[in-house]
Amino acid sequence: MRPLPARCFSQKLVALAGLLVLSAHPAPAADDAPKDAPKGPAVTVLKAAKSCFSDIVEATGTIVAREETSVRPERPGLKVTEVLAEAGDTTTAGQVLARLALPEGGTLQVAAPVAGVIATSTAQIGGLASAKGEALFTIVARSEYDLVGLVATSDVRKLAVNQPATVRVAGVGDIDGKVRRIGPTVEPNIQQGLVYIGISSQKRLLLNASGRALIKTGQSCNVAVPLTSVQYSSAGTVVQVIRRNRVETKRVEVGLMSGGNIEVRDGLNEGDIVVARAGALLREGDPVRPVMASAEAAK
């Protein structure tokens with residue numbers, strides 16, 4: 001047998017070396033994942049994040065004038081000759097509201113002693129006006145009102161003067177207010193306390209209209225999760241978290257709620273991966289495939 005040329009021999013060595021490399025490092029199979037990797041159902045999760053919650057006390061009641069000023073002439077037996085304002089008008093101090101005829105001739109002007117909103121008016125042309133009779137006008141002084149509201153007895157202790165409030169009146173919308181006074185007693189029949197919410201508004205408010213006040217009595221900042229993440233049972237309040245792709249159940253202490261979220265005061269850390277919608281189908285130690293919720297879906 002004739003010996004192989006040197007060039008052919010070297011090419012065969014390279015090919016043989018390639019085969020040895022391929023056999024030493026075989027291509028991974030599609031199902032070559034670690035045998036202990038969880039293969040459970042996909043579960044929507046989110047990261048627990050810090051948020052601030054307002055402690056809100058609700059009061060319901062009616063709108064009243066904080067101070068009403070009656071407008072009458074100082075003399076008796078006068079006749080109304082001209083009416084220059086009516087109920088609902090906003091007035092300034094010194095503004096002429098009506099003119100009256102004097103018995104001896106001439107006229108007398110009736111002016112607003114304070115700025116405010118005219119709540120009622122009985123002034124009619126030809127009508128009589130007197131210092132001791134029915135007031136021609138009543139004015140809500142300085143356009144200042146109170147919502148006199150009832151509050152649950154358990155919430156009265158949270159109230160303090162000057163706490164901010166949002167007052168909602170039908171047909172008017174939201175108005176800023178503050179706690180002006182807290183009643184010293186509780187209504188015995190209904191076991192609720194009184195609170196006076198001061199309102200200063202240029203909007204026309206109808207006296208005795210019903211309203212609702214949301215009073216901010218405090219604020220708390222802690223870890224927050226959606227309400228759907230929390231489960232209530234005889235064993236306590238729990239949240240399901242995911243660690244190493246497995247379910248862990250953690251008992252938590254919850255606090256305030258707002259906008260679909262709830263405060264977690266103890267038992268959860270910022271950044272923990274929480275099951276967005278906890279349910280009885282998930283149990284301690286179950287394997288899952290966590291899927292992070294989008295920002296919109298987590299709200």
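**Entry 1: residues with positive phi**

I looked up the exposure of R142 in this predicted model: with a relative accessible area of 42%, R142 is partly exposed. I located R142 in the loop between strand 10 and strand 11 (144-152). I noted a positive phi of about 60° for R142, although R142 is not a glycine. For context, I recorded that most residues other than glycine have a negative phi.

I then turned to N245, which is not a glycine and yet has a positive phi of about 65°. I found N245 in the loop between strand 17 (236-243) and strand 18 (246-251). The relative accessibility of N245 is 35%, so I entered N245 as partly exposed.

**Entry 2: confidence**

I checked the mean pLDDT of the protein chain, which is 85, with 86% of its residues at 70 or more. Among the elements of the chain, I found the lowest mean pLDDT, 40, in helix 1 (residues 6-24). The highest, 96, belongs to strand 6 (residues 96-101).

I noted that pLDDT stays under 50 over residues 1-33. For residues 1-33 the model has one contact beyond four places in sequence. I kept in mind that predicted coordinates should not be read in detail where pLDDT is low.

**Entry 3: the disulfide**

I searched for disulfides and found that the structure holds one. It joins C52 to C221, with an S to S distance of 1.9 Å. I placed C52 in strand 2 (residues 49-65) and C221 in strand 15 (residues 210-226), so the pair ties together parts that are 169 residues apart in sequence.

I looked up the torsion about the S-S bond of C52 and C221; it is about 100°, so I recorded the disulfide as right-handed. I listed C52 as partly exposed, at 45% relative accessibility. I listed C221 as partly exposed too, at 43%.

**Entry 4: D55**

I asked myself whether D55 is buried or exposed. D55 has a relative accessible area of 18%, and I recorded it as buried because the cut-off for that class is under 20%. I found D55 in strand 2.

Leaving out residues up to four places away in sequence, I listed what D55 touches: K158, I215, K216, T217, G218 and L256.

**Entry 5: the open sheet of four strands**

I traced an open sheet of four strands, in the order 3-10-8-5, with antiparallel pairing. I noted strand 3 and strand 5 (90-91) at the edges, each with a single partner strand, so one side of each is left without a neighbour in the sheet.

At one edge, I found four bridges joining strand 3 (residues 68-71) to strand 10 (residues 137-141), and the two run antiparallel. I picked out S70, whose bridge partner in strand 10 is T138. At the other edge, I found strand 5 paired with strand 8 (residues 116-121) over two bridges, in the antiparallel sense. I recorded G116 in strand 8 as the bridge partner of T91.

I then compared the faces of strand 3. T69 and V71 form its covered face, while E68 and S70 form the uncovered one. I recalled that in a regular strand the side chains alternate between the two faces of the sheet.

**Entry 6: aromatic rings**

I searched the whole structure for aromatic pairs and found zero. I did find a charge over a ring: the charged end of R181 sits over the ring of Y196, 4.0 Å from its centre.

Technical notes:
Residues are numbered from 1 along each chain as its sequence is written. This is a predicted model: local features need pLDDT of at least 70, side-chain atom pairs count only at pLDDT 80 or more; totals for chains, interfaces and linings use all residues. Side-chain values use heavy atoms; hydrogens and water are left out. A disulfide is a pair of cysteine sulfur atoms within 2.5 Å. Buried means under 20% relative accessible area, exposed over 50%, partly exposed in between (1.4 Å probe, protein chains only). pLDDT is the predictor's confidence in each residue, from 0 to 100. Contact means heavy atoms within 4.5 Å. Two strands pair if DSSP finds at least two bridges between them. Rings of Phe, Tyr and Trp (its six-membered ring) pair if their centres lie within 6.5 Å; planes under 30 degrees apart count as stacked, over 60 as edge-to-face and the rest as tilted. A charge sits over a ring if NZ of Lys or CZ of Arg is within 6 Å of the ring centre and within 35 degrees of the ring normal.
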